[in-house]
Amino acid sequence: MASPAVVENLPPSLNSSAEQPPLFDGTTKLYTCYTCPFAQRVWIARNYKGLQDKIKLVPLILEDRPAWYKEKVYSVNKVPALEHNGKIIGESLDLIKYVDSNFEGPSLFPDDPEKKKSVEELWSYVDEFIKIVYTSFKGEGPKECGPAFDHLESALGKFEDGPFFLGQFSGVDIAYITFVERFQIFLSEAFKYDITAGRPKLAAWIEEMNKIDAYKQTKTDAIELVEHYKKRFTAQQ
């Protein structure tokens with residue numbers, strides 16, 4: 001079970017004029033951005049494991065990020081990045097596993113061999129899934145990305161002990177939901193396409209994900225998201 005819901009007062013996002021928090025002062029920090037789907041993955045993992053007091057959020061405004069972030073914290077200059085035990089670690093999928101392995105709280109990955117195999121299969125598909133859908137935004141939308149959502153529908157039917165990818169909630173659900181959340185909103189708004197139509201397992205999965213407090217606390221504002229994607233993909237105002 002996930003840790004009880006914690007209502008967190010989120011710190012304000014830092015821009016280029018903000019001072020750098022102390023580096024390697026013994027505090028574990030998650031450098032993030034409240035609107036970034038990659039960073040959101042690690043934020044959800046942190047919340048689900050009940051680590052709000054153990055991992056401090058350091059949110060950045062990516063469009064106006066502080067110079068010290070690249071120069072002194074993480075030369076790759078992307079989020080998320082985790083400051084822990086005197087080192088900086090990046091890459092969201094790696095960090096889901098890192099947080100799960102190195103901190104207390106409910107496990108995000110199963111011990112069952114069959115489910116472990118599915119973790120690797122779904123883990124290896126997620127980047128392709130994202131690429132297919134993003135590419136479709138610049139083309140014919142639903143016609144191009146429909147098969148990718150069909151793939152998820154099929155994957156969600158593999159285990160019968162729950163509505164999630166591995167039956168029970170896991171890091172795999174975290175890997176996908178931050179993008180599915182955005183894709184569902186934008187495809188509905190821009191293409192009038194319902195990704196759950198004819199996909200009951202996907203619909204049920206999204207419904208169950210929306211009940212998980214660790215995720216609900218991280219969700220993106222739909223209006224902001226649509227405007228951002230319109231500018232990025234369709235050049236609409």
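**Notes on the sheet, a helix pair and some backbone details**

1. Let's start with the strand pair β1 and β2: strand β1, residues 28–32, runs parallel to β2, and five bridges hold the pairing. Two strands are called paired here if DSSP finds at least two bridges between them. Helices (H or I, at least four residues) and strands (E, at least two) are DSSP runs, numbered from the N terminus. As you read on, please keep in mind that this is a predicted model, in which local features need pLDDT of at least 70 and side-chain atom pairs count only at pLDDT 80 or more, while totals for chains, interfaces and linings use all residues. Residues are numbered from 1 along each chain as its sequence is written, and side-chain values use heavy atoms, with hydrogens and water left out.

2. If you want to find the β1–β2 pairing on your screen, look for Tyr31, whose bridge partner in β2 is Val58, and for Thr32, which stands opposite Pro59 of β2. Four of the five residues of β2 are buried, so the strand is mostly covered (buried means under 20% relative accessible area, exposed over 50%, and partly exposed in between, with a 1.4 Å probe and protein chains only). To get from β1 to β2, the chain passes through helix α1, residues 37–48, in a right-handed β-α-β crossover. Right-handed here means that, with the strands pointing away from the viewer, the path from the first strand over the helix to the second runs clockwise.

3. Now the whole sheet: the four strands are ordered β2-β1-β3-β4 in an open sheet with mixed pairing. β2 (55–59) and β4 (87–90) are the edge strands; each has a single partner, so one side of each is left without a neighbour in the sheet. On average, neighbouring strands are turned by 25° against each other, direction ignored. Axes are lines fitted to C-alpha atoms, for helices over the stretch in contact, and angles run from 0 to 180 degrees between N-to-C directions.

4. Strand β3, residues 81–84, is covered on both faces: Ala81 and Glu83 on one side, and Leu82 and His84 on the other, are all buried. β3 pairs with β1 in the antiparallel sense over three bridges, and Glu83 of β3 is the bridge partner of Lys29. On to β4: β3 and β4 run antiparallel and are joined by four bridges, with His84 opposite Lys87 in β4. The hairpin of β3 and β4 has two residues between the strands, and Asn85 in this hairpin takes a positive phi near 55°.

5. A few backbone details deserve a look. Most residues other than glycine have a negative phi, and most peptide bonds are trans. The bond from Val79 to Pro80, however, is cis, with omega near 5°. Pro80 lies in the loop between α2 (67–73) and β3. Asn77 is also found in the loop between α2 and β3, and its phi is positive, near 65°.

6. Which residues of α5 and α6 meet? Pro142, Cys145, Phe149 and Leu152 in α5 touch Tyr176, Val180, Phe183, Leu187 and Phe191 in α6 (contact means heavy atoms within 4.5 Å). By class, this contact has nine nonpolar residues, no polar and no charged ones. For that count, Ala, Val, Leu, Ile, Met, Phe, Trp, Tyr, Cys and Pro are nonpolar, Asp, Glu, Lys and Arg are charged, and the others, Gly among them, are polar. The axes of α5 (residues 142–155) and α6 (residues 171–191) come within 13 Å and cross at roughly 145°. The crossing is left-handed, a label given if the near helix is turned anticlockwise from the far one by less than a right angle, and right-handed if clockwise.

7. After α6, the loop to α7 holds Lys192. Lys192 has a positive phi of about 55° although it is not a glycine, and its relative accessibility of 68% is why it counts as exposed. Pro200 belongs to helix α7, residues 200–209, and is exposed at 57% relative accessibility. The C-alpha atoms of Pro200 and Glu153 are 7.8 Å apart, with their positions 47 residues apart along the chain.

8. Finally, back to the segment before β1, where you will find Pro12. Is Pro12 buried or exposed? Pro12 is exposed, with a relative accessible area of 63%. Its C-alpha atom is separated by 9.7 Å from that of Leu57, 45 residues apart along the chain.
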